[in-house]
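Hi there,

Here is the structure I promised to pass on to you. Have a look at it first, and then read on for what turned up in it.

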Amino acid sequence: MTRLSGITPSGHVQLGNYLGALRRWAVEGGEQDLYFISDLHAMTTTHNPGKLRALAGEQLAVLIATGIPEERMFVQSDLARELGALTWVLECTASYGEAARMIQFKEKAEGRSGVRLSLLTYPVLMAADILLQGASEVPVGEDQRQHVELARALARRFNGTYGEVFTMPEAVLPKVGARVRDLADPTRKMSKSTQDKAGVVFVLDEPDLVRRKIMRAVTDAGRTPAYEPGTRPGLANLLDILAACTGRAPADLAEEHSSYGALKETVADAVIEVLRPVREGAAALLADAAELDRVRKAGAARASARGEHRLQSALRLIGAG
Ligand code: AQP
């Protein structure tokens, strides 16, 4: 069984990415599981090329520092040729209607002018990501389930029409990790691409900045901490973060603190300590361009080799070359 998970370099890696996904990938990942930085997917809306390149390198350093095995990861654009070819094969297997039905496309394109064609076709690139690597399981949230269904439909159609090449992938729900909310607006989740950075703790933020952001987190008018997610979402978010960092129950942690200030100090200490090895490890790698390049090239070579026979078979069977 091969599970494929990705992270998009749409911004700097934030605490929610780490506690909700990366940390679990490092600890719970199976031996065959694969992780990739989906930089091609960050080009479907206006983007800055230099910034995107830097963010992809930074994410690779963070993934390595998190402890995800190097041999299980790669950067998507390092396979641009293979993925470009397979995307074309799959676009020739898909119908326009299938792409246009994607809810994500309708939501993201609605009311916008100059929508990139890639916003319509990126689910086919996602199918190529999955099918090239022979992934059998793709952990995704509800919003991406339809895209994995498309990958399944295309694999089934290609295999039935031209010959057996692709493993049938299946969407699986990711194991529930911590859900981290924005510190300045706990009604929304913490996100890399949020414009207002005040409520977003980035994995590479210096400890002082992490503390400042946590001390300024929005809470409520109460004074004594209690875990009440429905009515006190800001406070519950801080307790959930502390629980994720310590492995303890949020309600117990609330009882141990007599003021919001004291709780915030404890949360800041815990977050700084949890992030310390990642921040330091990533910084060391980012200062060692040769080592980062070595890991990146090795990952690309393995990922390319893993998919080569499927790509060649698909091209041959569809009548190319
Ligand atoms: N706030 C969060 N709490 C818990 N998990 C989170 N993840 C993201 N935000 C939180 C998990 O991180 C993994 C990689 O995320 P992604 O790059 O695939 O995209 P995303 O979920 O859209 O992440 P962001 O940070 O919110 O990015 P933008 O700003 O581009 O939308 C996923 O497993 C995700 O669940």
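Let's begin where the two domains meet: 10 residues of domain 1 are in contact with 11 residues of domain 2. Please keep in mind throughout that this is a predicted model.

On the domain 1 side of that meeting place, α1 and α2 (49-66) are the elements that give two or more residues. The biggest share comes from α2, with four residues. Sorted by class, this side of domain 1 has seven nonpolar and three polar residues, and no charged ones.

To find the domains in your viewer, use the bounds from the domain assignment: domain 1 covers 4-172 + 289-318, and domain 2 covers 197-284. Their centres, taken over C-alpha atoms, are separated by 32 Å.

Next, the inside of the protein. The largest nonpolar core has 82 residues, and the members that touch the most others are Leu86, Ala127, Ala128, Leu131, Ala151 and Val271. Where does this core lie with respect to domain 1 and domain 2? It lies between them, because both domains give residues to it.

Ala127 is a good residue to click on. If you leave aside its neighbours within four places in sequence, Ala127 is in contact with Leu90, Leu150, Ala151 and Leu154. Ala151 appears in that list, and Ala151 is also among the core members that touch the most others.

Now for the ligand. The shell around the ligand holds 20 residues, and those that come nearest are Ser10, Gly16, Gly20, Ser191 and Ser193. Both β1 (4-7) and α1 (15-28) supply at least two residues of this shell. Which of the elements gives the most to the shell? That is α1, with four residues. You have met α1 already, as one of the elements on the side of domain 1 that touches domain 2. As for classes, the shell around the ligand divides into 11 polar, six nonpolar and three charged residues.

Last, a helix to practise on. In α8, which runs over residues 207-215, the residues Val210, Lys213 and Ile214 are buried. Try looking down the axis of α8: the buried residues fall within an arc of 95°, so they line one face of the helix. What covers these buried residues includes α11 (260-286).

Happy exploring, and do write back with any questions!

Best wishes

How values were computed
Residues are numbered from 1 along each chain as its sequence is written. This is a predicted model: local features need pLDDT of at least 70, side-chain atom pairs count only at pLDDT 80 or more; totals for chains, interfaces and linings use all residues. A residue is near a molecule or strand if its C-beta atom, placed from the backbone, lies within 6 Å of it. Ala, Val, Leu, Ile, Met, Phe, Trp, Tyr, Cys and Pro count as nonpolar, Asp, Glu, Lys and Arg as charged, and the others, Gly among them, as polar. A nonpolar core is a set of buried Ala, Val, Leu, Ile, Met, Phe, Trp, Tyr and Cys residues joined through C-beta atoms within 7 Å. A residue is buried if 20 or more other C-beta atoms lie within 10 Å of its own, exposed if 12 or fewer, and partly exposed in between; C-beta atoms are placed from the backbone. Domain bounds come from an automatic or database domain assignment. Two residues are in contact if their C-beta atoms, placed from the backbone, lie within 7 Å. The arc is that of the directions from the helix axis to the C-beta atoms.
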